[in-house]
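Biologist: Got a minute to walk me through this model? I'd like to pick at a few spots and hear your reasoning.

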Amino acid sequence: MERGQGKLSRRRLLGGAAAASAALPVLHELIPHQSLHGGGAAAAAEPHMPGMGAHGSAMHAAHLGTVGTVDPRVNGFDPQEMLRDFDEGRVVDGVREWEIVAEEKEIEVAPGVKYAAWTYNQRVPGPTLRAREGERLRIHFTNGTKHAHTMHFHGIHPSSQDGVPGLGVGNVDPGKSTTYEFVAEPFGVHLYHCHTMPLAEHIAKGLYGAFIIDPKQGRSKADELVMVMNGFDTNFDRSNEVYAVNTVAFDYVNRPVRVKRGEPVRIYLVNVLEFDPLNSFHIHANFFDYYPTGTRLEPRDFTDTVVQGQGERGIIELRFPYAGKYMFHAHVSEFAELGWMGFFEVEE
Amino acid sequence: MEPATAQRTRRPAWLPGVAPLAVLAVAIGLFVLLDAPGLNRIGVPHERLAVERTVLKPGEIDLHVRNEGADPVRVRQVIVNDAFVPFDQPHSEIGRLGGSEIDVSYPWIEGENYDVQLVTDTGATIDHAIEAAVETPDAGLDFYGLMALIGIYVGVIPVAIGMLWLPWLRGVDPRWIRFLLAFTIGLLGFLGVEALLEGTQLAGTGAEAFGGAALVWLGAAGAFLALAGVDGWLRGRRPKGGGAALGYRAAFLVALGIGLHNLGEGLAIGSAYAVGSLALGATLVVGFALHNTTEGLAIVAPVAQEKQSRLRRLALLGLLAGAPAVLGAWIGASAFNPSLAALMFGVGAGAIAQVVVQISPAIRDRAGRLLHPLAVAGLLTGLTVMYLTGLMVSL
């Protein structure tokens, strides 16, 4: 029940959102376990008013997670599509370039629960930037928010390009732009995030994304997925109410991640969680090769559970030998039941 | 001259009295219609829900909530012990002072603690702690029977036993009567303060929008004034009543005051039973019995000098003082509302204050002193006895 003073700006946004959500029609009883059994890719398109008219203990017995679903059209980004959405920018005169804009945006992190996020390119996590080892990279950054921000990349580069207040261009003030330029190294799975103080808040509000550098020789062919483990402190008590992979709680429970039986699957796993020191990834009924930070080509582990600290990341490689549904979730049970849970749907 | 006067008399006398109200109504209407011109809302919505009642059924936790804030509240998700859980609610939005029920589906375990968080559309959370979960008793016949039994044990029987002191009182020295009346006042003072404190504590758990602790004082003032009115009416009916002796009028007021207090006591017992925090057993009943037996003595002290015993009247007085405990237990266990309970405790305290005012003159000694040594001894004895017997009762 405690409320921080910091709510001002995001609460002010809510007038419009409240009106919009009130206007959402209750189309029919679309509840998670139905789509869970029914599968259907189109299933989650229709919003459901949380807690309304979902009577019956039979549904509750099989229920996993939140009540209702989040319409991806409301957020403008879809966790299903973000899984396989790699942004390779464009190459101009041998230099790989991206345009990144920081903007404020209200997003729905659990059905009916809004969060006043800060975004890179209108999405949380920001775009998955992908380059090849040794390429020269140029990132044009514009700050369209009311607060100063930066882009800080994990990698090897001069301090002037580090995106830290007081170094190089330092903080980028509202309405201002800058360009970060450096060479992509080392290969692996990295991340980028805002490094303006207060740091925890600037990261937790959504300014982060995956940054993948492929080895010069490339990687073997696989069904590649990006999973950014994040969380949201919706009541500003410096602990998370909602946990997820790619922002929306239980989205992959409601709409499982579809993969092919026997085919290689590669997961770029990044932990950007704030407030909790550790996060983890666990898969059911299977084992995987794990490459910490993806900077070596030999796996360190063959396991079914991996733990990551804040900012830690790695590559998971596996195949599913059997068709069917396989759960994956944080093996921190609290996180799992607060949203960080999903299914793989393995098809022939 | 003449037509003007006629015109003036034709206008109803009440019109000028009502006119300002009409202007006020129009002004408010315009103000609301124009959406408070010149005033811009700053700050964040005040999302506040008070959980007035928690009902635990197998596999289900029902929260009866009331919006005690200024803005509507929209509950969108529910977290129990760090997990999102399914729930039902009749309204998607709860307006100011509006009530609703959040029915949470959760396999709770008896004796364990639960932390329920209602997550609103803005991401704010409203926390409610459930300590030592236990199933809420079904409001069946058995249940009402049990509550009646408890009420009779702690209310009716002890008061009746206490009234058995009447024959002894008849024979004792008038100084002893004054001592016992002082004892009664000490006892009532203890009960009054206890009621105020308990009411204030309860009010803190209810919806603040209903006034919180102010409800207790409002109830107290209301009861004090209402009883003063009743007393005035009784005096008016019998202009030549008892003279110096207090008689049945005072006994009636004492019984009424104690009855209202026992109603609150019953509420506390019933609601404690409903949440499973009542250790039903011999100690509780014995404690209450001792506590309340003195109340019986307080009722008969004013009639010690009456010439004849009126058994029927005495029985009714006993019931008036003791039976509300039964009623209170029923209400407390089946439809407990902290704000209402706080008001009831206030009413009890106010009634007691009025009774104290009524019987205080009777403890004056021949010299007209109020706080003569015997009276002080009586007051202190009353307070001490209530304190000591009160130690045996803990809810």
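What follows is a short back-and-forth on the two chains of this predicted model.

Biologist: Let's start with chain A: how many helices and strands does it have?

Modeller: Before the count, some background: buried residues make up 57% of the 348 residues in chain A. Its accessible surface is about 13600 Å², with 53% of that belonging to carbon and sulfur atoms. As for the elements, chain A has 9 helices and 21 strands.

Biologist: Is Thr119(A) buried or exposed?

Modeller: Thr119(A) sits in strand β4 (residues 113–120) of chain A. Leaving out residues up to four places away in sequence, Thr119(A) touches Val101(A), Ala102(A), Glu103(A), Lys105(A), Val124(A), Gly206(A) and Leu207(A). Its relative accessibility is 0%, and the cut-off for buried is under 20%, so Thr119(A) counts as buried.

Biologist: And which residue has its backbone nitrogen 3.3 Å from a polar atom of the Thr119(A) side chain?

Modeller: Here the Thr119(A) side chain supplies one polar atom, and the partner atom is a backbone nitrogen. That nitrogen belongs to Gln122(A).

Biologist: Which side chain makes a polar contact with the side chain of Arg255(A)?

Modeller: Arg255(A) is in the loop between α8 (251–254) and β13 (257–260) of chain A. With 8% relative accessibility, this arginine counts as buried. Its side chain has a polar contact at 2.7 Å, and the partner is the side chain of Asp78(A).

Biologist: Over to chain B: what percentage of its residues count as buried?

Modeller: Chain B has 12 helices and 8 strands, and its C-alpha trace spans about 90 × 75 × 40 Å along the principal axes. The accessible surface comes to about 19000 Å², of which 65% belongs to carbon and sulfur atoms. Of its 395 residues, the buried share is 47%.

Biologist: Are α7(B) and α9(B) roughly parallel or roughly antiparallel?

Modeller: Two packed helices are described by the angle and the distance between their axes. For α7 (residues 247–274) and α9 (residues 311–322) of chain B, the axes come within 6 Å and cross at roughly 25°. Angles under 35 degrees count as roughly parallel. The pair α7(B) and α9(B) is therefore roughly parallel.

Biologist: How many nonpolar residues are in the contact of α7(B) with α9(B)?

Modeller: On the α7(B) side, the residues include Phe252(B), Leu256(B) and Ile258(B), and on the α9(B) side they include Leu314(B), Leu317(B) and Leu320(B). By class, the contact has 3 polar and 1 charged residues, and the nonpolar ones number 10.

Terms used. Residues are numbered from 1 along each chain as its sequence is written. Chains are lettered from A and ligands numbered from 1 in the order in which they are written. This is a predicted model: local features need pLDDT of at least 70, side-chain atom pairs count only at pLDDT 80 or more; totals for chains, interfaces and linings use all residues. Side-chain values use heavy atoms; hydrogens and water are left out. Helices (H or I, at least four residues) and strands (E, at least two) are DSSP runs, numbered from the N terminus. Buried means under 20% relative accessible area, exposed over 50%, partly exposed in between (1.4 Å probe, protein chains only). A polar contact is a pair of N or O atoms within 3.5 Å; within protein, one must be able to donate a hydrogen and the other to accept it, and residues adjacent in sequence count only if both atoms are side-chain atoms. Axes are lines fitted to C-alpha atoms, for helices over the stretch in contact, and angles run from 0 to 180 degrees between N-to-C directions. Angles under 35 degrees count as roughly parallel, over 145 as roughly antiparallel, 65 to 115 as roughly perpendicular and the rest as oblique. Contact means heavy atoms within 4.5 Å. Ala, Val, Leu, Ile, Met, Phe, Trp, Tyr, Cys and Pro count as nonpolar, Asp, Glu, Lys and Arg as charged, and the others, Gly among them, as polar. Accessible areas come from the Shrake-Rupley method with a 1.4 Å probe; for residues, only the protein chains shown count as cover.
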